[in-house]
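Trainee: I've got a new model open and I'd like to learn how to read it piece by piece. Could we go through it together?

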Amino acid sequence: MSAASLLRTVCTTGRFAICLLAAIVLLAAIAAPGQAFAHAALVTTEPTDGAVLPQSPAQLSLTFSEPVSPLMLTLVRPDGTPVPLTSIRISGQTVEIDNPQRLGSGTHVLSWRVISADGHPVGGSVLFSIGAPGAAPAVSEAVDRGLRSAIWIGKFFLYVGLFLGVGGAFAIAWLAQGGRAGRRFVIAAILCGLVAAPLSLGLQGLDALGAPLAQLAQPDIWKAGFATSFGWTVLIALVALGLGLLSLVGPRGGAKLFALAGLAGIGAALAASGHASAAEPQWLTRPMVFLHGAGIAFWAGALAPLGLAMRKPAEAAPFLRRFSKAILPVVAVLAATGFVLAVIQVQAPAALLETAYGRLLLVKLALLLFLFTLAAINRWKLTGPAEAGETEVQKRLVRSIGIEILTVLAIFGVAAGWRFTPPPRALAIAAAQPASVHIHTPKAMADLRITPGHVGPVAASIVIMTGDFGPLDARQVTLVLSKPDAGIEPIKRAATKRGDGTWRVDGLVIPVPGRWTARLDILVSDFEMVKIEAPINIRP
């Protein structure tokens, strides 16, 4: 049976193919969110977003939930003129930026783009005003769907090269004992990986700098891509692909050693970057990713060579016997490492439905459940009779292996979609950050911060000043939160003044997310009450 024959056999399972196509369409719908997501959470900024300052700041800073590497930092003036910021220092998780010039009055935008620890670009903007707020200059944050599609395709074929290619080379060297079946298929998969790996690096550079596909050939793009942690993934992946190819076309005496080193290279490449490898504690997550990647390659890589070997029962029988004996501990490792990584990334069961990452994980789990069920049937019902030479059972096993390959490809597609979805772990960090707003009027102004900035129990901190930035010795401050469109009556709470001059509201519960109106009733004297208000966004 040739590779084409195996493919034709698989295609006869029309009902499965329709289900698989539906799963891939579902994947495309949930893996392409309409906005850019952050993988490292921006914790605090100085000045705070929306702040109004009496004078130009000497320094700006951005603090993230994990260490980052700056890519582009630009200050956009009120007239829309961009000013590159180049005097930058990294202090732990904080990016400190020296302001090179005195800023005039009006609203300015600090536009930033950094690389997070998982190797994925993160971008955003912070608005602040000098003297008084004005119209904010326009800053484009459009999502380049063409680039996203290219990144997804590159990732998918990189997985094909690593898992079906290098994994297949390992299966031929160790399980087939150097048999010829599947060699052409495996070599083709490795060649796909050898093309996809460097291309993915260039696409990473485009994404890092926010550049269009037309600029792919520019040297700065490739330099930016290699400067990220994904550069190490590509470098190690190329070595693994080369070792896998060498095990097939090089001297037979070194085939097993080359194939084993290639399999280890797959785990190392995946552990070098990505969501899971960047999660804490890394002493646990990186080894888990290594074992998970190597286990996938062992299983997925053996499928095509095994299916193609079935045309020669004498060659296939020992191959099938070795694979069936080794697969049980491999599946156990896959299940254990996958469970640990999922728990670390998802954290709460509700995130499986509430986040794009969780929904992709559910699609993957459904495909895995089908794959495990199919593998169990193959292992305990078909393997014995196939080894005994029963022709019909062998044909049935070939069809089943073909369906396994299609399912594995669908799983690759799901995993490639995670490139654009932050894990709930990162979202939880971002959700814990406060919601803040600066309220500015001629009579009074205030900085209001609600922590955490999402629904549920929160605390509010308030700093009040006069309209010209002077001290305001208020007798009483009351916070009023209202959301008429949700049918919720105003929530009114008296604030307590602390020793540092701030006012605080504890025991506050915000029931629904969305755009609320925050009003401060400031009692200045027995005869004067100042009321100021502004909208504030509360996250789900």
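**Reading the model, feature by feature**

Mentor: Happy to. Keep in mind as we go that this is a predicted model. Pick a residue to begin with.

Trainee: Let's take His438. Is His438 buried or exposed?

Mentor: The cut-off for buried is under 20% relative accessible area. His438 comes out at 11% relative accessibility, so it counts as buried. As for where it sits, His438 belongs to strand β10, which covers residues 435-440.

Trainee: And what does the side chain of His438 make a polar contact with?

Mentor: With the side chain of Asp447, at 2.6 Å. If you set aside neighbours within four places in sequence, His438 is in contact with Gly50, Ala51, Val52, Met445, Ala446 and Asp447.

Trainee: OK, strands next. How do I read a sheet?

Mentor: The general idea is that strands of a sheet pair through backbone hydrogen bonds, and the pairing can be parallel or antiparallel. Here, β10 is part of an open sheet of five strands, ordered β10-β11-β12-β16-β15, with antiparallel pairing.

Trainee: Why is one side of β10 and of β15 left without a neighbour in the sheet?

Mentor: Because β10 and β15 (496-497) stand at the edges, and each has a single partner strand. Strand β15 pairs with β16 (residues 503-510) in the antiparallel sense, over two bridges. Within that pairing, Thr496 has Arg504 as its bridge partner, while Lys497 is matched with Trp503.

Trainee: What about the turn in the hairpin of β15 and β16?

Mentor: There are five residues between the strands, and Gly501 takes a positive phi near 95° in that hairpin.

Trainee: How many bridges join β12 to β16?

Mentor: Six, and β12 (residues 456-466) runs antiparallel to β16. For a specific pair, look at Ile462, whose bridge partner in β16 is Trp503. Trp503 is also the bridge partner of Lys497.

Trainee: Which strands form the sheet that has mixed pairing?

Mentor: That open sheet has five strands in the order β2-β9-β8-β4-β5. Its edge strands are β2 (51-53) and β5 (82-84), each pairing on one side only. From one strand to the next, the twist averages 30°.

Trainee: Can you zoom in on one pairing there?

Mentor: Sure. Strand β4 (residues 69-76) and β5 run antiparallel and are joined by three bridges. Leu75 stands opposite Val83 of β5. There's a helix to look at here too: α4 (residues 183-209) lies across β4, β8 (106-115) and β9 (121-130), and runs at about 160° to β8.

Trainee: I also see β17 in the viewer. Which strands are joined to it?

Mentor: One is β13 (residues 476-483), joined to β17 (residues 514-525) by seven bridges in an antiparallel arrangement. Val480 stands opposite Arg519 of β17. Another is β18 (residues 528-538), which runs antiparallel to β17 with eleven bridges between them. There, Arg515 has Asn537 of β18 as its bridge partner. A hairpin of two residues links β17 to β18.

Trainee: Now helices. What do I look at when two of them pack?

Mentor: Two packed helices are described by the angle between their axes and the distance between the axes. Take α3 (residues 145-175) and α9 (residues 282-309): they pack at an angle of about 75°, with the axes 7 Å apart. Angles of 65 to 115 degrees count as roughly perpendicular, so α3 is roughly perpendicular to α9.

Trainee: Which residues make that contact?

Mentor: On α3 they include Phe163, Gly167, Gly168 and Leu175, and on α9 they include Gly293, Phe298, Gly301 and Pro305. By class, the contact has twelve nonpolar, four polar and no charged residues.

Trainee: Which residues of α14 are buried?

Mentor: In α14 (residues 424-431), Pro424, Arg425 and Ala426 are buried. Their cover includes α8 (275-278), α10 (313-346), α11 (351-354) and α12 (356-387).

Trainee: Last one: Trp380. Buried or exposed?

Mentor: Exposed counts as over 50%, and Trp380 has 59% relative accessibility, so it counts as exposed. Trp380 lies in helix α12. Its C-alpha atom is separated by 9.3 Å from that of Ser324, with the two residues 56 apart along the chain.

Definitions and conventions
Residues are numbered from 1 along each chain as its sequence is written. This is a predicted model: local features need pLDDT of at least 70, side-chain atom pairs count only at pLDDT 80 or more; totals for chains, interfaces and linings use all residues. Side-chain values use heavy atoms; hydrogens and water are left out. Axes are lines fitted to C-alpha atoms, for helices over the stretch in contact, and angles run from 0 to 180 degrees between N-to-C directions. Helices (H or I, at least four residues) and strands (E, at least two) are DSSP runs, numbered from the N terminus. Angles under 35 degrees count as roughly parallel, over 145 as roughly antiparallel, 65 to 115 as roughly perpendicular and the rest as oblique. Contact means heavy atoms within 4.5 Å. Ala, Val, Leu, Ile, Met, Phe, Trp, Tyr, Cys and Pro count as nonpolar, Asp, Glu, Lys and Arg as charged, and the others, Gly among them, as polar. Buried means under 20% relative accessible area, exposed over 50%, partly exposed in between (1.4 Å probe, protein chains only). A polar contact is a pair of N or O atoms within 3.5 Å; within protein, one must be able to donate a hydrogen and the other to accept it, and residues adjacent in sequence count only if both atoms are side-chain atoms. Two strands pair if DSSP finds at least two bridges between them.
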